[in-house]
Amino acid sequence: GKTDLFDHDNVKIVTVFFGANDASDLELNPRHHVPLERYKSNMKEIVSLARGSFGEDVNIIFIAPPPVCHDARLKFQKDKYKDKATGKLERTLELSGQYAKALTEVAKELELPCLDVWTKMQDTSSSTKPWQEYLSDGLHLSAVGNKFVAEALIDLIDELLPELAVTPCTYT
């Protein structure tokens, strides 16, 4: 049977991480596009659902969408669709940045922590790799990108919720 997402006891942290699908261009991909104000209200609704299910004291961490690499998206499009590729980007760095900013604004309004992946990945002082390597097709996280997000999330938890910090087991 289907497991109920909210049928768990003793939940300490809920992470809310959406990629850049919602940030699709309205004209080029209306099926995935979510208007910015609706996106913000959806995030508030998710917080309400989490608190209603896990209690008002559950720790909620937002994770902003990553950047979009134009060159890799166009290559992916050409590889997948061949001659039918439009050469137009339905998701862009600018659009994903608008949604990342909107999420950080909602986090601030609700007094929740937010891991701003969009900004952090592009911050050359926090990484030795070009941010484009964190994306497998210019949109989705690569293995290196998943590791980057995981490490950044662990650092955020260590900083803001030290009582829930993840520590490696020396025996496994």
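In which loop is Thr92 found? In this predicted model, Thr92 is found in the loop between α2 (70-81) and α3 (93-110), and the legends below begin with that residue.

**View 1. Thr92 in the loop between α2 and α3.** Thr92 has a relative accessible area of 17% and is therefore buried, the cut-off for that term being under 20%. Once residues up to four places away in sequence are set aside, Thr92 touches Val68 and His70. The side chain of Thr92 also reaches the backbone nitrogen of Leu95, at 3.0 Å. Ile63 lies 29 residues from Thr92 along the chain, and the C-alpha atoms of these two residues are separated by 18 Å.

**View 2. Ser24 in the loop between β1 and α1.** With a relative accessibility of 1%, Ser24 counts as buried. The side chain of Ser24 reaches the backbone oxygen of Asn21 at a distance of 2.7 Å. When neighbours within four places in sequence are left aside, the residues in contact with Ser24 are Asn29, His32, His33, Glu90, Arg91 and Leu95. Leu95 thus appears in this view as a contact of Ser24, and in the previous one as the residue whose backbone nitrogen the side chain of Thr92 reaches.

**View 3. Lys82 and Glu111, two residues with a positive phi.** Most residues other than glycine have a negative phi. Lys82, although it is not a glycine, has a positive phi of about 50°, and its place is in the loop between α2 and α3. Is Lys82 buried or exposed? Lys82 is exposed, because its relative accessible area is 56% and the cut-off for exposure is over 50%. Glu111 is likewise not a glycine and has a positive phi of about 60°; Glu111 lies in the loop between α3 and β3 (114-115). At 71% relative accessibility, Glu111 counts as exposed.

**View 4. The largest nonpolar core, with 21 residues.** Within this core, the residues with the most contacts are Val14, Tyr39, Met43, Ile60 and Phe62. At least two residues of the core are supplied by each of β1 (13-17), α1 (36-54), β2 (59-63) and α3. Which element gives the largest share of this core? The largest share comes from α3, which provides seven residues. Another core, of 17 residues, lies apart from this one and includes Cys69, Leu135, Leu141 and Ile157.

**View 5. Surroundings of Met43, one of the residues with the most contacts inside the largest nonpolar core.** Leaving aside neighbours within four places in sequence, Met43 is in contact with Val16, Phe18, Phe62, Leu103 and Val106. Phe62, one of these contacts, is also named among the residues with the most contacts inside the core.

**View 6. The packing of α1 against α3.** The two helices pack at an angle of about 40°, and their axes are 10 Å apart. This angle makes α1 oblique to α3, because it is neither under 35 degrees, as roughly parallel would require, nor in the range 65 to 115, as roughly perpendicular would require. The crossing of α1 and α3 is right-handed. On the side of α1, the residues that meet α3 are Leu36, Tyr39, Lys40, Met43, Lys44 and Val47. Their partners in α3 are Gln98, Tyr99, Ala102, Leu103, Glu105, Val106, Glu109 and Leu110. Tyr39 and Met43, which belong to this interface, also stand among the residues with the most contacts inside the largest nonpolar core.

Technical notes. Residues are numbered from 1 along each chain as its sequence is written. This is a predicted model: local features need pLDDT of at least 70, side-chain atom pairs count only at pLDDT 80 or more; totals for chains, interfaces and linings use all residues. Side-chain values use heavy atoms; hydrogens and water are left out. Helices (H or I, at least four residues) and strands (E, at least two) are DSSP runs, numbered from the N terminus. Buried means under 20% relative accessible area, exposed over 50%, partly exposed in between (1.4 Å probe, protein chains only). Contact means heavy atoms within 4.5 Å. A polar contact is a pair of N or O atoms within 3.5 Å; within protein, one must be able to donate a hydrogen and the other to accept it, and residues adjacent in sequence count only if both atoms are side-chain atoms. A nonpolar core is a set of buried Ala, Val, Leu, Ile, Met, Phe, Trp, Tyr and Cys residues joined through side-chain atoms within 4.5 Å. Axes are lines fitted to C-alpha atoms, for helices over the stretch in contact, and angles run from 0 to 180 degrees between N-to-C directions. Angles under 35 degrees count as roughly parallel, over 145 as roughly antiparallel, 65 to 115 as roughly perpendicular and the rest as oblique. A crossing is left-handed if the near helix is turned anticlockwise from the far one by less than a right angle, and right-handed if clockwise.
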